[in-house]
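Here are a few exercises to work through with the model open in your viewer. Try each task before you read the solution.

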Amino acid sequence: MKAYLDHVGIAVADLSASLAFFRDALGLEVHASEEVGSQRVRAHFLPSGAGTSLEVLEATAADSPIGRFIEKRGPGLHHITLRVDDIDAALAHLKARGVRLVDDVARPGAEGALVAFIHPSSAHGVLVELKQPAASVPPLAISRYTVGNLELISLYDGTFRLDGGAMFGVVPKALWEKKTAPDESNRIPMTMRPLLVRDGTRTMLIDAGLGDKETEKFYRMYAADRTRTLDHALAEAGVAPEDIDIVLASHLHFDHAGGFTMRNGMGKVVPRFPNARYVIRRGEWNDARHPHERSRASYLPDNFLPLADAGVIDFIDEDERVMPCVRVQRTGGHTLHHQIIWIESGRDCAVFLADLMPTSAHLPDPWIMGYDLYPMDTLFAKQAFARAVARRETLAFFEHDPVTPAAFITEQQGKLALRSTT
Ligand SMILES: [Zn+2]
Ligand SMILES: [Zn+2]
């Protein structure tokens, strides 16, 4: 592992006095201040050569992390930030050495960087932040996994942004912003990650992302970035649309079912995977057909009605096997018939969590989306899920995680924990 000093963070109580000292007494250059709203701090960068700087931090609210730090310890050195080229590799390396981490997996920081903190107890009392700058964060890419005899490929269908408050429900912003940095409009970055499952005979696609049928205005509304879509991901995986035998829906919201259909050369909306049967839970289908005021914006008929017209749907009514190693389990909660997908082969077990835990930040029980129609059912489903993974380590796929497509979930002293796959 190679790390370079990026900056040293200094918490100050009196900003103008401290800047006067750094500038006039020490001769450092002071750059314009930067308000980091999410952390309720004002930061001044003072370049100090060789790509490093001092970051002078002043709290703009008493409850900000810097405000609390000064109250407890007084002004002084707060953290150091080290630049790394590959933050996943760095975290794996540290974990192998028994280093205690605040963040088991990297998470989105400001300005497109990836960040993770090392616990001061493992770093001789120093709070260490690791940072992979945006310039070295690779574009969306597929990732491959082996589960028993199965090949699993995590795909992608672009990114979008949703309001951070809505994504974390009753969890206060002071907590969730530590997991994922919001932008100036309070939105957090999210990805759509459909999953491919191959057993040597069949190829199944679970969910299909946002698709490409909507208007510019629609994509703008969700800040959707369509530069790397499911077409690119399938090509990268070496799979043609004709190769897909089964398309399985976790539920029919547009960010999961949008890619089920496409507009053909004549402008008609048709199934996107010409040889596939589409497996849809009947209850979800009925709810999507008859939405109410709260659910209407999420169900776009063009994503699923043309499948019925084409006669390519296989409805399921129960928790059942869709392929020999793949079974669905209704969780409810997010929607009444929302389902997760278990993939089991030999001694290995994986789960596609869809919107039960859309990102790895949604691990704790009460971290439930404000979008969920029946949040108490989500809570019960998460508790049942925790009991299931307590029996065996499970490779979990996070469909909306901006950084981590999959991680192992284990149970440790009644709490769920993540172990990265690298
Ligand atoms: Zn949904
Ligand atoms: Zn979703």
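**Exercise 1. Place β18 between its partners.**
How many bridges join β18 to β19, and do the two run parallel or antiparallel?

*Solution.* Keep in mind that you're looking at a predicted model.
- Step 1: start with β19 (313–316). It is joined to β18 by 4 bridges, and the two strands run parallel.
- Step 2: pick one pair to check in the viewer. Arg-281 has Ile-316 in β19 as its bridge partner.
- Step 3: look for another partner of β18. Strand β15 (residues 246–248) pairs with β18 over 3 bridges, again in the parallel sense. Here Val-247 is the residue opposite Tyr-278 in β18.
- Step 4: check the cover. Of the 5 residues of β18, 4 are buried, so by the cut-off of 20 or more other C-beta atoms within 10 Å the strand is mostly covered.

**Exercise 2. Find the covered side of α9.**
Which residues of helix α9 are buried, and what covers them?

*Solution.*
- Step 1: go through residues 282–289 and pick out the buried ones. You should land on Glu-284, Trp-285, Asp-287 and Ala-288.
- Step 2: look down the axis. These residues span an arc of only 165 degrees, which puts them on the same side of α9.
- Step 3: see what lies over them. The cover includes β18 (277–281) and β19, the pair from the previous exercise.

**Exercise 3. Walk along β10.**
Which strands are joined to β10 by bridges, and in which sense do they run?

*Solution.*
- Step 1: take strand β9 (residues 143–147). It runs antiparallel to β10, with 5 bridges between them, and Arg-144 sits opposite Ile-153.
- Step 2: inspect the turn. The hairpin of β9 and β10 has 2 residues between the strands, and Gly-148 has a positive phi near 55 degrees there.
- Step 3: move on to strand β13 (residues 195–198). This one is also antiparallel to β10, with 4 bridges; Glu-151 stands opposite Arg-198.
- Step 4: ask how covered β10 (residues 150–154) is. The strand is mostly covered, with 4 of its 5 residues buried.

**Exercise 4. Draw the open sheet.**
What is the strand order of the open sheet of 7 strands?

*Solution.*
- Step 1: write the order down as β20-β21-β22-β23-β24-β25-β26; the pairing is mixed.
- Step 2: mark the edges. β20 (321–323) and β26 (415–420) each pair on one side only.
- Step 3: add the twist. On average, neighbouring strands are turned by 30 degrees against each other, ignoring direction.
- Step 4: zoom in on one pair. β23 (residues 348–352) and β24 (residues 394–397) are parallel over 3 bridges, with Ala-350 partnered by Leu-395 in β24.
- Step 5: put the helix on. α11 (residues 375–391) packs on the sheet and touches β24, β25 (406–412) and β26, with its direction at about 90 degrees to that of β25.

**Exercise 5. Describe where the domains touch.**
How many residues of domain 1 are in contact with domain 2?

*Solution.*
- Step 1: split the protein into domain 1 (4–136) and domain 2 (143–420). Their centres, taken over C-alpha atoms, are 35 Å apart.
- Step 2: count the contacts. You get 13 residues of domain 1 against 15 of domain 2.
- Step 3: see who contributes on the domain 1 side. α3 (87–96) and β6 (107–108) each supply at least two residues, and α3 gives the most, with 3.
- Step 4: sort that side by residue type, which gives 7 nonpolar, 2 polar and 4 charged.

Notes
Residues numbered from 1 in each chain as written. Chains lettered and ligands numbered in written order. Predicted model: local features only at pLDDT ≥ 70, side-chain atom pairs only at ≥ 80, totals over all residues. Buried ≥ 20, exposed ≤ 12 C-beta atoms within 10 Å, placed from the backbone. Arc of directions from axis to C-beta. Contact = placed C-beta atoms within 7 Å. Pairing = 2+ DSSP bridges. Axes fitted to C-alpha atoms, helices over the stretch in contact; angles between N-to-C directions. Domains from an automatic or database assignment. Nonpolar A, V, L, I, M, F, W, Y, C, P; charged D, E, K, R; others polar.
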